[in-house]
Amino acid sequence: MAAGQRIVIENCSIATVDADDTEYASGYLVLAGNRIEALGAGSAPEGLENVVRRIDASGHLATPGLINTHHHFYQWITRGLATDHNLFDWLVALYPIWARIDEPMAYTAARGSLAMMARGGVTTAMDHHYVYPRGTGDLSGAIIRAAHETGVRFTLARGSMDRGESDGGLPPDFAVESLDGALAATEATVKEHHDPSFDAMTQVAVAPCSPFSVSTELLRNAAELARRLGVRLHTHGSETVEEEKFCHELFGMGPTDYFESTGWLGEDVWMAHCVHMNDSDIAAFARTGTGVAHCPSSNARLAAGIARVPDMLAAGVPVGLGVDGTASNESGELHTELRNALLINRLGAHKESALNARQALRLGTHGGARVLGRAAETGSLEAGKLADVVLWKLDTLAHASIADPVTALVFGAAAPVTASFVNGRQIVADGRLLTVDEDAVARATRDEARRLAQLAAQR
Ligand SMILES: [Zn+2]
């Protein structure tokens with residue numbers, strides 16, 4: 001939508017996910033250009049000029065667009081493998097396959113990952129990409145191009161690995177970069193693609209993969225690089241008991257203390273998983289403002305454990321949700337994470353008081369915006385914020401008899417997305433993407449998955 005033009009959405013329930021959790025049983029939204037101009041109860045104000053479209057959203061719930069804070073897009077073409085392994089065994093089985101990816105595969109897998117999330121109401125996506133085999137082209141550029149074509153707001157977490165098998169790491173040596181090479185490539189990616197502006201569609205974070213695939217020097221230097229460039233830091237942390245043991249054996253301390261010793265706690269950092277955290281780890285995250293990407297489905301798939309999300313929230317830790325890579329979460333869409341965050345935490349220590357539906361929706365929207373450093377711009381429906389809005393259809397067989405719309409969205413089946421707007425532009429209509437051809441993407445991902453399997457088998 002061009003600047004100065006307006007779209008009016010009326011007659012829907014609205015969950016704003018603002019600081020007061022304001023909701024309207026029946027209300028309106030006015031989108032102007034790429035911003036939310038106004039919203040409230042009842043009908044839209046009379047006399048608005050330049051209204052190019054008026055949407056009667058009866059039977060719908062409007063929410064902020066969902067925000068995914070941890071993913072590995074390339075895994076879209078290695079789904080369904082090593083299905084009965086824990087994290088370390090799963091990684092050892094998959095690294096040799098992943099090390100064969102090239103630019104067309106990275107591009108196609110990114111399109112698959114993005115399309116699946118976008119059609120399910122994700123408006124801001126992230127990709128933690130850390131596999132950069134030598135001589136395989138511009139993988140970061142290909143992933144960013146895919147995000148641009150899909151039309152979602154995007155953070156590329158430019159990953160890296162420099163601790164190969166011969167240095168006591170998990171990845172094979174041929175799949176890792178040199179320390180200097182990884183840092184130089186990361187800096188170049190930030191300089192080429194990172195947009196710091198309010199309505200940025202592309203941002204870049206510095207993101208070494210994990211303590212067991214990265215040297216201490218790379219972690220330290222990456223933290224310095226990110227702060228010099230003014231971008232965020234991301235990595236995997238405290239995912240499994242094996243990682244905890246690895247850190248104690250190599251560094252003489254647990255993962256959180258190790259991260260702190262390398263400059264990796266702070267308001268500009270978010271980490272995926274954070275499953276094995278004791279009280280002092282959670283206090284350190286809260287004290288420093290370090291964020292968490294909670295990935296309940298992946299943690300269950302790899303039998304990693306249950307993150308202490310209620311304790312983190314009580315301590316004031318910023319928490320968002322992550323699909324994680326689709327080699328450990330084949331569904332690849334974020335609604336499952338809203339639901340599983342709620343249900344899985346009720347299987348943990350906190351039982352029925354763990355999380356409620358509104359907290360789950362907050363994790364998937366405003367919480368995600370906080371950990372990506374974009375809470376001023378998106379993650380809630382408020383006048384002046386970016387027009388990232390989803391209309392969920394709740395008046396069909398699946399949801400019509402559920403008493404409350406937010407409960408229907410979170411506890412119920414994945415609701416159809418009637419419309420999803422990103423930056424004021426509609427990218428989904430009636431459950432189908434308007435920006436890319438889903439069927440063509442599906443065929444391309446199947447072909448690239450086969451090509452990768454064949455390449456990996458030749459070794
Ligand atoms: Zn991950």
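## Close-up views of a predicted chain

UniProt, in an unreviewed entry, places the feature "domain: Amidohydrolase-related" at residues 62–425. UniProt positions follow the numbering used here, feature names are shortened, and annotations may be inferred rather than shown by experiment. Residues are numbered from 1 along each chain as its sequence is written. This is a predicted model, in which local features need pLDDT of at least 70 and side-chain atom pairs count only at pLDDT 80 or more, while totals for chains, interfaces and linings use all residues.

**View 1. The whole chain and the annotated span.** The chain holds 14 helices and 17 strands. Helices (H or I, at least four residues) and strands (E, at least two) are DSSP runs, numbered from the N terminus. Residues 62–425 are 40% helix and 16% strand. The end C-alpha atoms of that span lie 16 Å apart. Along its principal axes, the C-alpha trace of the chain covers about 70 × 45 × 45 Å. The radius of gyration is 21 Å, which agrees with the value near 23 Å for a compact globule of 459 residues. That radius is taken over C-alpha atoms, and the globule rule is 2.2 Å times the number of residues to the power 0.38. Of the 459 residues, 56% count as buried. A residue is buried if 20 or more other C-beta atoms lie within 10 Å of its own, exposed if 12 or fewer, and partly exposed in between, with C-beta atoms placed from the backbone. Among contacts between residues at least 6 apart in sequence, 74% join residues at least 24 apart. Two residues are in contact if their C-beta atoms, placed from the backbone, lie within 7 Å.

**View 2. Helix α12, a bent and mostly covered helix****.** α12 takes in residues 357–371, 15 in number. From first C-alpha to last it reaches 20 Å, close to the 21 Å expected at 1.5 Å a residue. The expected span is 1.5 Å times one less than the number of residues. α12 bends by about 45° at L363. The bend is the angle between axes fitted to the seven residues ending at a residue and the seven starting there. Of the 15 residues of α12, 14 are buried. G373 follows α12, with a positive phi near 75°.

**View 3. R358 in α12****.** R358 counts as partly exposed because it has 16 C-beta neighbours inside 10 Å. Beyond its neighbours within four places in sequence, R358 contacts D21 and V406. F88 is 270 residues from R358 along the chain, and their C-alpha atoms are separated by 34 Å.

**View 4. Two loop residues with positive phi****.** Most residues other than glycine have a negative phi. C274 has a positive phi near 50°. It sits in the loop between β11 (269–273) and α8 (279–288). C274 is buried, because 29 other C-beta atoms lie within 10 Å. K351 also has a positive phi, of about 50°. K351 belongs to the loop between α11 (335–346) and α12. K351 counts as exposed, with 10 C-beta neighbours inside 10 Å.

**View 5. Strand β14 and its partners β5 and β15****.** β14 spans residues 389–393, and four of its five residues are buried. Two strands pair if DSSP finds at least two bridges between them. Five bridges join β14 to β5 (residues 60–64), and the two run antiparallel. Here L61 stands opposite W392 of β14. Four bridges join β14 to β15 (residues 417–422), again antiparallel. V389 has F421 in β15 as its bridge partner.
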